Amino acid sequence: MAVFKEVACAHGAKKFEMQENGLQVILMPNSVSPVCGFQVTYHVGSRDEGVGHTGATHLLEHLMFKGSKKFNKENNNNIDQLENIGAILNATTWLDRTNYFEVLPKAYLEDAIAIEADRMRNAYISEDDRQDEMTVVRNEFERDENSPMSALHKNIWSTAYIAHPYHHNTIGWLSDIENVSIERLKEFYDTFYWPNNATVTVVGDIDEKETLDLIEKYFGKIGRSPHVIPEVYTKEPKQDGPKRLIVKRVGEPGIVGIAFKTPKGLAKEHLHIQLISGILQMGKSSRLYQRLVAKGLAVGIYAEDYPNIDEGLFVIYVYLTPKATHAEVEAIVLEEIEKLKTQKVTLAELDRVRAMIKADSVYGRGSFFSSLNQINEAIALKDWQYYFNLSDEMAKVTSDEIQSTAKKYLIEDSSTTGYFIPKEEGDA
């Protein structure tokens with residue numbers, strides 16, 4: 001245990017640091033069944049990419065399943081061998097982080113630890129694999145291009161941001177996907193994939209000492225990075241007026257998207273934004289559901305208000321019915337936003353939304369997979385307790401604060417509005 005220093009204890013979980021290499025470790029015991037979830041979260045995402053290698057984190061995610069020094073097809077023990085014992089394994093990439101995870105029987109936990117430790121520094125990253133996986137990623141990109149929602153979403157973000165790398169979609173731009181060199185991908189890997197830029201999470205039927213011993217056995221051999229991990233220092237300049245865009249493609253339905261710049265994810269005001277999102281579109285009694293879906297003007301409403309490391313976007317998407325126009329739906333959304341600034345939210349409405357968000361959060365801890373997902377996003381924010389504390393923090397929010405935050409952030413001059421307008425096959 002001397003190699004680990006306990007740095008925090010909360011909510012039945014403990015956080016440790018491996019003193020030699022800086023690896024962060026979170027243990028969350030849960031003996032409901034003899035199953036474990038193991039995860040490595042790297043503090044690298046599309047936020048850390050630049051022109052010429054956008055999509056590098058996602059492409060590396062694919063390449064890191066092609067094998068490593070100890071675990072590969074030649075040795076007949078490739079990384080996906082765990083599927084043979086019923087494990088769930090995958091990886092995801094997002095703006096601020098990348099995670100690799102396994103959910104598997106307790107007896108095979110050591111195998112997952114060994115695999116993740118080996119591919120942290122010994123992943124095969126070859127040109128042949130890049131060529132193969134590039135075509136896979138390109139197909140993903142093209143599927144997104146054929147989705148009205150994805151096309152509008154990408155264009156709203158790239159219009160809202162002109163300087164900050166949130167401008168780039170996580171999957172990257174097509175020309176970068178096709179042309180990024182293997183040397184540049186290796187350089188990216190060698191820059192960010194180190195123990196002092198990662199957090200290991202273990203959830204499930206575990207013994208603290210045994211688990212830490214296994215982590216030390218495999219990850220303890222890896223030194224910390226020989227360089228300082230680069231930090232993103234680019235800040236988005238103040239937006240000086242509303243932005244608008246139109247995407248016209250074949251596809252259905254028509255969509256209205258209205259986005260507003262939000263504070264950093266750990267700012268208290270971001271809690272207010274999440275509650276505002278719930279008030280507007282969460283459940284059939286929400287304001288926009290009653291004004292749009294119940295009136296036959298929309299087939300659905302979706303809002304994105306995820307907390308990010310840097311200032312993000314709160315985006316409301318409305319999927320139109322054939323009888324609705326983009327302009328009238330936009331006007332209704334803006335009218336409801338204006339009410340948040342001029343009229344205080346009732347305590348009953350606020351409590352309804354708080355209860356729904358709390359239920360979602362608690363439900364999210366109901367499985368090892370969901371627990372890993374929640375803590376992964378909290379780690380990305382650099383506050384591993386974020387989702388544990390969410391309900392308690394939201395319970396403190398007042399109607400006055402909701403109104404104040406709406407006035408401050410939901411303003412025209414920081415907005416980006418996009419329309420997806422369907423067009424017929426063969427239209428110019």
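# Reading a predicted model, feature by feature

Modeller: We start with a sheet. In this predicted model, five strands form an open sheet in the order β8-β12-β9-β11-β10, and the pairing is mixed.

Colleague: Which strands stand at the edges of this sheet?

Modeller: Look for strands with a single partner. Here they are β8 (243-249) and β10 (298-304), so each has one side without a neighbour in the sheet.

Colleague: By how much are neighbouring strands turned against each other?

Modeller: On average by 15°, with direction ignored.

Colleague: In which sense do β9 and β11 pair?

Modeller: Follow the bridges between them. Strand β9 (residues 255-261) and strand β11 (residues 313-320) are antiparallel, with seven bridges. Take one bridge as an example: V256 has V318 in β11 as its partner.

Colleague: And the side chains along a strand? Where do they go?

Modeller: In a regular strand they alternate between the two faces of the sheet.

Colleague: Which helices lie across these strands?

Modeller: Take two. Helix α4 (residues 148-160) lies across β8, β9, β10, β11 and β12 (415-422), and runs at about 150° to β8. Helix α8 (residues 268-281) lies across β10 and β11, at about 10° to β11.

Colleague: Now another set of strands. How many bridges join β4 to β6?

Modeller: Eight, and the two strands run antiparallel. Find G37 to see one bridge: its partner in β6 is V103.

Colleague: How many bridges join β5 to β6?

Modeller: Six join strand β5 (residues 88-93) to β6, again in an antiparallel arrangement. L89 is bridged to E102 in β6. Trace the chain from β5 to β6 and you pass through a hairpin of four residues.

Colleague: Is strand β6 mostly covered or mostly open?

Modeller: Strand β6 (residues 98-105) is mostly covered, with seven of its eight residues buried.

Colleague: How do I read a single residue in a strand?

Modeller: Ask where it sits, how covered it is and what it touches. Try Q39. Q39 belongs to strand β4 (residues 35-42). Its relative accessible area is 1%. Buried means under 20%, so Q39 counts as buried.

Colleague: What does Q39 touch?

Modeller: Leave out residues up to four places away in sequence. Then the residues touched by Q39 include N99, Y100, F101, T199 and L372. The side chain of Q39 also makes a polar contact of 3.5 Å with the side chain of T41.

Colleague: Let's compare a residue in a helix. Is R138 buried, partly exposed or exposed?

Modeller: R138 is partly exposed, at a relative accessible area of 25%. It is found in helix α3 (residues 127-145).

Colleague: What is R138 in contact with?

Modeller: Set aside its neighbours within four places in sequence. The contacts of R138 are then L174, I177 and E178. With E178 there is a polar contact between side chains, at 3.3 Å. Distance in sequence is another thing to check. R138 and G172 are 34 residues apart along the chain, but their C-alpha atoms are separated by 9.7 Å.

Colleague: Next, rings. How many aromatic pairs does the structure hold?

Modeller: There are 14. One of them joins F188 and F192. This pair is tilted, with 4.9 Å from centre to centre and 50° between the planes.

Colleague: Why are F188 and F192 about one helical turn apart?

Modeller: Because they are four residues apart in helix α6 (residues 182-192). F188 is buried, with a relative accessible area of 5%. F192 is buried too, and its value is 5%.

Colleague: Which residues of α6 are buried?

Modeller: I182, L185, F188, Y189, T191 and F192. These buried residues pack against β4, α1 (56-63), α2 (109-121) and α3.

Colleague: Which residues form an aromatic cluster?

Modeller: Y42, F65, Y100, Y189 and Y193 form one. Notice F65. The charged end of R119 sits over its ring, 4.4 Å from the centre.

Colleague: What lies over the face of W194?

Modeller: That is R121, at 3.9 Å from the ring centre.

How values were computed:
Residues are numbered from 1 along each chain as its sequence is written. This is a predicted model: local features need pLDDT of at least 70, side-chain atom pairs count only at pLDDT 80 or more; totals for chains, interfaces and linings use all residues. Side-chain values use heavy atoms; hydrogens and water are left out. Buried means under 20% relative accessible area, exposed over 50%, partly exposed in between (1.4 Å probe, protein chains only). Contact means heavy atoms within 4.5 Å. A polar contact is a pair of N or O atoms within 3.5 Å; within protein, one must be able to donate a hydrogen and the other to accept it, and residues adjacent in sequence count only if both atoms are side-chain atoms. Two strands pair if DSSP finds at least two bridges between them. Axes are lines fitted to C-alpha atoms, for helices over the stretch in contact, and angles run from 0 to 180 degrees between N-to-C directions. Rings of Phe, Tyr and Trp (its six-membered ring) pair if their centres lie within 6.5 Å; planes under 30 degrees apart count as stacked, over 60 as edge-to-face and the rest as tilted. A charge sits over a ring if NZ of Lys or CZ of Arg is within 6 Å of the ring centre and within 35 degrees of the ring normal.
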